[in-house]
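This report turns to the aromatic side chains and their surroundings. The sequence and the model are shown first.

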Amino acid sequence: MSGVGIQAYRDVLRIRDVRRVLLLSLIMRVPLWAGNIVMTLHVVTHLDRSYGAAGLLVGVATVAASISAPWRGRLLDRVGLRRAIMPSLLVLTACWSVAPFVSYWALLVLATFANLFIVPSFSIIRQALMYAVDDSRRRTVLAMDSVTVEMSYMIGPAGGVLLATCCPTSWALFACEFGTVAGGVLLWLANPPLRNESADGESRTRLPARTWMSPQVVAVLAMSAAATVVLTGTDVGVVAALRDLGHQPWIGWELTLWGFGSAVGGLIYGALHRSIPVTVLLGLLAATTLPVALAPNAFVIAALLFVAGLFCAPTITAAVDALSTSVPERVRGEALGWHGSAMTAGGAAGAPIAGIAIDHAGWHGGFVVSGLVGLAVAVAGLVAVQAGRRAAPAKERVPEPVG
């Protein structure tokens with residue numbers, strides 16, 4: 001990065017609210033990722049169920065979280081942070097006080113109910129960061145958020161596995177989930193501002209989604225989902241490829257290298273002087289994922305994963321940036337909730353899509369199908385955005401294009 005790029009990060013990190021919110025994001029997300037892996041280990045080992053049963057539990061809970069995201073975000077817009085997350089903290093505390101110590105089906109019910117009231121941490125963190133800086137620094141601070149997501153993802157699962165090996169999985173799950181609750185309490189205490197106070201008066205009247213769900217917004221949501229299809233498909237493809245090539249112990253560090261590439265790409269993107277359209281970044285993410293299917297050995301897979309990773313965080317960052325400029329500030333929480341749901345849906349679809357391709361064409365098929373889905377949606381997104389711009393009056397066009 002150039003000196004100017006590094007200076008952009010220095011300028012942002014001088015802002016006290018940015019430093020505080022980024023620290024809160026790590027505190028909240030590390031136990032979140034850890035809890036996901038411990039949940040699977042708990043079902044398989046302590047409850048003596050199959051991996052299919054563990055997958056069902058995680059899948060149902062994930063669907064509940066995706067349903068929750070838009071209405072929790074809408075609540076943030078209408079009543080503010082503290083009133084929106086207080087019910088979540090109460091429900092989560094009640095559910096996770098019991099859930100780690102019950103049978104499988106009771107755990108499924110409690111985990112699903114808890115995820116309907118999950119604290120919308122991703123939406124809150126991103127809104128708080130965007131509020132803390134001016135528009136010229138929004139992309140930089142969102143890139144920093146993407147990097148913290150990658151950092152927490154690299155720390156959380158490893159920490160969860162370590163915790164589950166040191167103590168019973170029921171107590172490990174209890175600790176992870178209450179770590180998330182503790183992060184929510186800290187967020188409630190910090191109460192970072194999410195938007196301009198002048199918007200409060202009009203925010204009590206809901207703005208219907210049909211008034212702001214433009215073709216540009218729909219395109220961004222679709223491309224966010226497609227990006228997650230590519231990422232999830234890559235995740236599954238790496239596992240299948242390295243097992244087939246006889247390098248199963250390499251899975252962890254190769255995925256970590258992929259995540260490191262994403263962090264590097266996010267830092268570079270945040271230091272750029274201008275944004276890159278989501279359509280371009282999604283296309284690059286998909287295009288750099290496809291060659292992994294041609295890799296002759298595990299070393300080449302690792303190198304290609306790093307290259308593909310360079311476009312992971314920038315794609316997500318650009319999507320959040322584009323979405324935030326495409327909707328009124330008073331509905332930003334709901335819009336980011338829909339973004340979270342789109343990514344969750346993409347993740348839920350990506351695994352079976354890649355899995356079916358791998359079953360029929362070997363591990364190469366996982367990368368090919370995921371990459372082609374990403375390219376197809378990138379092209380469709382570009383067409384939709386261009387059509388939306390032509391249909392909209394000039395005064396309503398968004399100054400920062402998404403494609």
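Phe 101, Trp 171, Phe 174 and Phe 178 together make up one aromatic cluster in this predicted model. Counting rings whose centres lie within 6.5 Å as paired, the total comes to eleven aromatic pairs. Among these is the pair of Phe 113 and Phe 117, whose ring centres are 5.3 Å apart and whose planes meet at 55 degrees, an arrangement classed as tilted. Phe 117 is buried, because its relative accessibility is 19% and the limit for that class is under 20%. Phe 113, in contrast, is partly exposed at 42% relative accessibility.

Trp 250 and Phe 299 also pair, with 5.1 Å between the ring centres and 70 degrees between the planes, so this pair is edge-to-face. Trp 250 belongs to the loop between helix H10 (215-244) and helix H11 (251-271), whereas Phe 299 belongs to helix H13 (residues 298-309), and the pair therefore ties together parts that lie 49 residues apart in sequence. As for solvent accessibility, Trp 250 is partly exposed, with a relative accessible area of 21%, while Phe 299 counts as exposed at 58% relative accessibility.

Arginine side chains also lie over aromatic faces, as the following table sets out.

| Arginine | Ring beneath the charge | Distance from the ring centre |
|---|---|---|
| Arg 29 | Phe 122 | 4.4 Å |
| Arg 82 | Trp 188 | 4.4 Å |

Conventions: Residues numbered from 1 in each chain as written. Predicted model: local features only at pLDDT ≥ 70, side-chain atom pairs only at ≥ 80, totals over all residues. Heavy atoms only, no water. Phe/Tyr/Trp six-rings, centres within 6.5 Å; stacked < 30°, edge-to-face > 60°. Buried < 20%, exposed > 50% of the residue type's maximum accessible area, 1.4 Å probe, protein only. Helix = DSSP H or I, 4+ residues; strand = E, 2+ residues; numbered from the N terminus. Lys NZ or Arg CZ within 6 Å of the ring centre and 35° of its normal.
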